[in-house]
Amino acid sequence: MSSPSTSAHRPTDTHRESRKVQEMKAIRIHAFGGPEVLAYEEVSRPIPGDDEVLVKVHAASVNPVDVATRAGYLQGMIDIKLPHTPGLDLAGVVEAVGADVTSVAVGDQVYAYSNIARQGAYAEYAVVSAGEVARKPKTVDFVNAASIPLAGITAWQALKIAGVQQGQTVLIHGAGGGTGSFAVQFAHVQGARVIATASTDKAAYLKTLGADEVIDYTATRFEDVVRDVDVVVDLVGGDVTARSLGVLKPGGTFVTPIGQPDQAAAAAAGVTASSMFAQASVADLTEIASLIDAGRVKTSVSHVFPLAEARAAQELLERGHMQGKIVLQVAE
Ligand SMILES: NC(=O)c1ccc[n+]([C@@H]2O[C@H](COP(=O)([O-])OP(=O)(O)OC[C@H]3O[C@@H](n4cnc5c(N)ncnc54)[C@H](OP(=O)(O)O)[C@@H]3O)[C@@H](O)[C@H]2O)c1
């Protein structure tokens with residue numbers, strides 16, 4: 001017979017089992033650097049606070065900001081604590097809710113764009129705030145739902161900031177990427193005429209999304225063929241920003257989620273120029289889900305990787321020329 005002290009230190013099967021279910025697989029970085037710092041590890045499952053939701057992640061998408069975070073480019077701007085699990089976008093099923101959460105319940109199928117400073121969505125479970133999570137579109141699976149949040153919210157909010165109206169002409173740079181694919185469709189469903197810039201082989205794809213005109217930026221400088229547009233959404237940055245101000249009509253609006261446009265140059269051109277940063281919004285996610293479920297907007301997933309292959313997924317994104325989104329499948 002075991003002595004009381006021995007049995008107290010030896011976990012029973014039940015104890016082992018309960019400890020096991022609190023663990024999960026996740027991608028973590030312990031230092032900033034290249035794709036090789038992405039490690040597939042066993043870690044503790046997070047616990048939601050009172051206003052938070054624990055989601056069993058079925059899919060998480062890969063965004064350029066995940067690469068910037070991993071590389072350490074955001075240090076000094078955002079306090080990323082190591083070890084860190086990347087990933088802002090997820091789709092999955094609510095596993096548990098905090099005491100103050102009433103907007104979603106255990107078992108709900110949801111999607112979310114979560115805060116960058118959190119432990120993220122490249123994991124079997126992730127905690128998000130109640131203000132970041134909405135019911136996912138019913139007509140798409142988890143992989144496609146996970147492709148939406150950050151790209152969709154950015155495109156949606158950029159057009160809102162620009163105040164796009166029916167009948168206006170909107171020029172969208174970087175139109176074939178994750179964010180651009182949604183921006184083209186949202187502008188189209190809002191009744192705008194859409195001019196898109198992208199590399200050669202994306203023209204047919206962009207026409208299916210609703211682009212009225214596609215400019216191959218590898219062959220044509222857009223400012224040679226475009227003038228008097230109402231709105232420019234710049235998803236490329238760099239010299240494209242400065243070159244865009246001159247193609248707007250007087251009083252037109254430029255908006256970008258990359259960098260800060262030169263306000264003096266914008267004033268000289270007689271246009272308004274804004275930078276923006278995507279804000280978590282349940283209302284925006286819900287409106288986007290309605291458009292998806294109504295069949296008016298499509299998702300576009302170009303590649304799916306298992307969670308363990310997050311490194312390959314980020315390497316692919318870093319090679320550039322994305323068409324639509326890369327998604328990590330976490331659960332079937
Ligand atoms: N601040 C924020 O809140 C926020 C939110 C979301 C995204 N962003 C930023 O917005 C940018 C786009 O994000 P994303 O997720 O859409 O990236 P992405 O999926 O990698 O797409 C970028 C697209 O730009 C195209 N492109 C590259 N150079 C171009 C040029 N000179 N003219 C036209 N198209 C060009 C690329 O392919 P081709 O060259 O083959 O056409 C690709 O389709 C990234 O810099 C990202 O960090 C910021």
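Me: Does Gln185 count as buried or exposed, judged by its relative accessibility?
Reply: This is a predicted model, in which local features need pLDDT of at least 70 and side-chain atom pairs count only at pLDDT 80 or more, while totals for chains, interfaces and linings use all residues. Residues are numbered from 1 along each chain as its sequence is written, and side-chain values use heavy atoms, with hydrogens and water left out. Gln185 is found in helix α6, where helices (H or I, at least four residues) and strands (E, at least two) are DSSP runs numbered from the N terminus. Since buried means under 20% relative accessible area, exposed over 50% and partly exposed in between (1.4 Å probe, protein chains only), Gln185, at 4% relative accessibility, counts as buried.

Me: Which residues is Gln185 in contact with, leaving aside its neighbours within four places in sequence?
Reply: Contact here means heavy atoms within 4.5 Å. Once the neighbours within four places in sequence are set aside, the partners of Gln185 are Leu209, Arg296, Val297 and Lys298.

Me: Which residues have the most contacts inside the largest nonpolar core?
Reply: A nonpolar core is a set of buried Ala, Val, Leu, Ile, Met, Phe, Trp, Tyr and Cys residues joined through side-chain atoms within 4.5 Å. The largest one in this model has 55 residues, and those with the most contacts inside it are Ile172, Val184, Phe186, Leu206 and Val233.

Me: Between which domains does this core lie, and why?
Reply: Helix α5 (residues 149-162) gives the most to this core, with 8 residues. Both domains, whose bounds come from an automatic or database domain assignment, give residues to the core, so it lies between domain 1 (19-148 + 299-329) and domain 2 (154-275).

Me: How many residues does a second, separate core have?
Reply: In soluble globular proteins, nonpolar side chains tend to be buried together. Here a second core, separate from the largest one, includes Val53, Val104, Val128 and Ile326, and its number of residues is 32.

Me: How far apart are the C-alpha centres of domain 1 and domain 2?
Reply: The contact between the domains takes 8 residues from domain 1 and 10 residues from domain 2. Their C-alpha centres are separated by 29 Å.

Me: What percentage of the ligand's area does the protein bury?
Reply: Of the 22 residues around the ligand (a residue being near if one of its heavy atoms lies within 4 Å), Ser199, Lys202, Tyr217, His321 and Met322 come nearest. Among the polar contacts, which are pairs of N or O atoms within 3.5 Å (within protein, one must be able to donate a hydrogen and the other to accept it, and residues adjacent in sequence count only if both atoms are side-chain atoms), an oxygen atom of the ligand lies 2.8 Å from a backbone N or O atom of Ala278. Taken alone, the ligand exposes 920 Å² (Shrake-Rupley method, 1.4 Å probe; for residues, only the protein chains shown count as cover), and the share that the protein buries is 82%.

Me: What is the distance from the side chain of Thr69 to the backbone oxygen of Val65?
Reply: Thr69 lies in helix α3 (residues 64-71), and its relative accessible area of 5% makes it buried. Beyond four places in sequence, Thr69 touches Ile29, Phe32, Leu74, Ile80, His84 and Ile116. Its side chain also reaches the backbone oxygen of Val65, at 2.7 Å.

Me: Which elements are included in what covers the buried residues of α3?
Reply: The buried residues of α3 are Asp66, Val67, Ala68, Thr69 and Arg70. Their cover includes β3 (52-62) and α12 (310-318).

Me: What is the approximate omega of the cis peptide bond that joins Leu82 and Pro83?
Reply: Most residues other than glycine have a negative phi, and most peptide bonds are trans. Pro83 is found in the loop between α3 and β4 (89-97). The bond joining Leu82 to Pro83 is cis, with an omega of about -5°.

Me: What phi does His321 have?
Reply: His321 lies in the loop between α12 and β15 (325-329), and at 59% relative accessibility it counts as exposed. Although His321 is a residue other than glycine, its phi is positive, near 60°.
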